[in-house]
Amino acid sequence: MASVGPAVQGTLDDLGTPLAGVTFVVVDLETTGGSAKEDAITEIGAVKVRGGEIVGEFATLVDPGMAIPPFISVITGITQQMVVAAPRIGEVLPSFLEFAGGAVLVAHNAPFDMGFLKAACAAQERPWPAPPVVDTADLARRVLTRDEVPNCKLATLSRFFRARVEPCHRALTDARATVDVLHGLLERAGAFGVETLEELTGFQRAPTPEQRSKRHLADGVPAAPGVYLFEDARGEVLYVGKSGRLRSRVTSYFTASETRRHVREMIGVAERVRTIVCASPLEAEVRELRLIAAHKPRYNRRSRHPERAVWLKLTAESFPRLSIVREVRDDGAAYLGPFGSTRTAEEARAAVHDAVPLRQCTQRLTLRLIETRRAATCALAELGRCGAPCEGRQAPEDYSRHASLARRILEGDVRPVVAAARARIDRLAGELRYEEAAVQRDRLAAFVRGAARCQRLSALAGLAQLVAARPAFDGGWELHVVRHGRLAAAGTVPPHAHPVPYVEALVATAETVRPGIGATPRASAEEMECVLRWLDSPGVRLVEVDGTWTCPPHGAESVRQWIESAAARPDSRKVDRAGRPMR
């Protein structure tokens, strides 16, 4: 029998840090907007508490170095005049970090406040001290029920816990209200056995009861690449995902590492997990996109509506114009796209209009209307932005030359648009009209990105068949057959096996894909871009290419690197003569 060692009394460190002895700094920020990258801090308020008692306060306005939007002033009451004499964040930040040093930071919706503080530290080249953080909004969701509070907004919680002050979107007042909310939440958390700081931080990350009760759904999930589908009791698909290792990924949904609120809600509804094992990660990625588009699960946030993509179309009529459409037809028109949003397509269209004086009216213009003087006119003709063929000022053959140039642009030659945009940027920047130059830069960027995407997709869609292989982790090969841009088959070659029989078998059993029209004839743009990324990955070898795989010699890829560099800082509103943002 093994001997029993002497009993060892636990140390205070083993017991954790009692909450009564923890110093909390409750902080609230007011800002010019919601983006830590694009906006700035206008006010900092903080309250230091320990053992339920306030031991210090910190409050200051901050000059954000930018204009405060009017709607922000309406919400916060902080105007531009109030911050004119205020210190910049570089002067305030050291004092605040000293005030909060060694304490646990507390904030309501902490990711927002911490994001701005981290961004301020990065801008000042200061290391972020990475203190423990408590989010009162997240803590409230765990200890309060919907029967008690309809939501976890600060104003709602302040009323529920009868805070001594009412939040009003001013930093110090909101921080004081959050102090009372924190104390109320800590009292509630005590009922769950939370008495130390370590237990509090662990409690915030704990899986929900629904997550713990549904862990059995991961039983039997294979450790292979593939796609998983969460379904409810009626068989409705709630969520679709992919993974290189299905078992570990699905299991993670039932642990504390899964913190997305909508996913945790989905776990509470789910009753089963269905999996589809795939031959390769690329097949899993493509199947995920197809399943999301087919089922449109309510808990997936992206890729649900590929049909909402828009295209820029040069209409096939006597006097063509640029139109934004949702469908590519076999009508002889020229198309550019797809674009992810109408706004982006409009910016690309404006870039083409700056280079080619096409008409911008929407009426159907014919020679008969022009001859009978029944065509409506617009102000663009008076501004010199249109040749006014509707009034007969521009001969049909002259307008035809403009239309031919626009078609050439949409079919691959981006030089006229780039030259026109760079000339305008150069002139506007030389006149110190930086805001207008930035608008021209953004238009050009939208056009170049859309054109580059269209040309890459069109080149892939034009291939009747492409067979490629990539080394697998086990020493074998991943094989894929792509037809007209659509993944038609996926397979593997075992280690040390001769690949030819496997390639022949995969090609023979691959999906039949007929050619179509446009850049995305048989697959979504997102699926085709997955295939292109895989083809660009290290180690890929082309086994067979049926067709010509190339982009136009004067296409958008030739200027894409330049425009990406020029638009590298979208928050910058000043550009130099090369189109680069000015610091």
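User: Why is C551 called partly exposed?

Analyst: C551 has a relative accessible area of 31%. Buried means under 20%, exposed means over 50%, and partly exposed lies in between, with a 1.4 Å probe and protein chains only; C551 is therefore partly exposed. The model is predicted: local features need pLDDT of at least 70, side-chain atom pairs count only at pLDDT 80 or more, and totals for chains, interfaces and linings use all residues. Residues are numbered from 1 along each chain as its sequence is written, and side-chain values use heavy atoms, with hydrogens and water left out.

User: What makes C278 buried?

Analyst: The relative accessible area of C278 is 6%, so C278 counts as buried.

User: How do you know that C551 and C454 form no bond?

Analyst: A disulfide is a pair of cysteine sulfur atoms within 2.5 Å. The closest cysteine sulfur to that of C551 is in C454, 9.9 Å away, which is too far for a bond. A search of the whole structure finds zero disulfides.

User: Why is one side of β10 and of β11 left without a neighbour in the sheet?

Analyst: The open sheet has three strands in the order β10-β9-β11, with antiparallel pairing. Because β10 (322-325) and β11 (334-339) stand at the edges, each has a single partner strand. Strands here are DSSP runs (E, at least two residues), numbered from the N terminus.

User: What makes β9 and β11 a pair?

Analyst: Two strands pair if DSSP finds at least two bridges between them. Strand β9 (residues 310-314) and β11 have four bridges in the antiparallel sense, and so they pair. L314 has A334 of β11 as its bridge partner.
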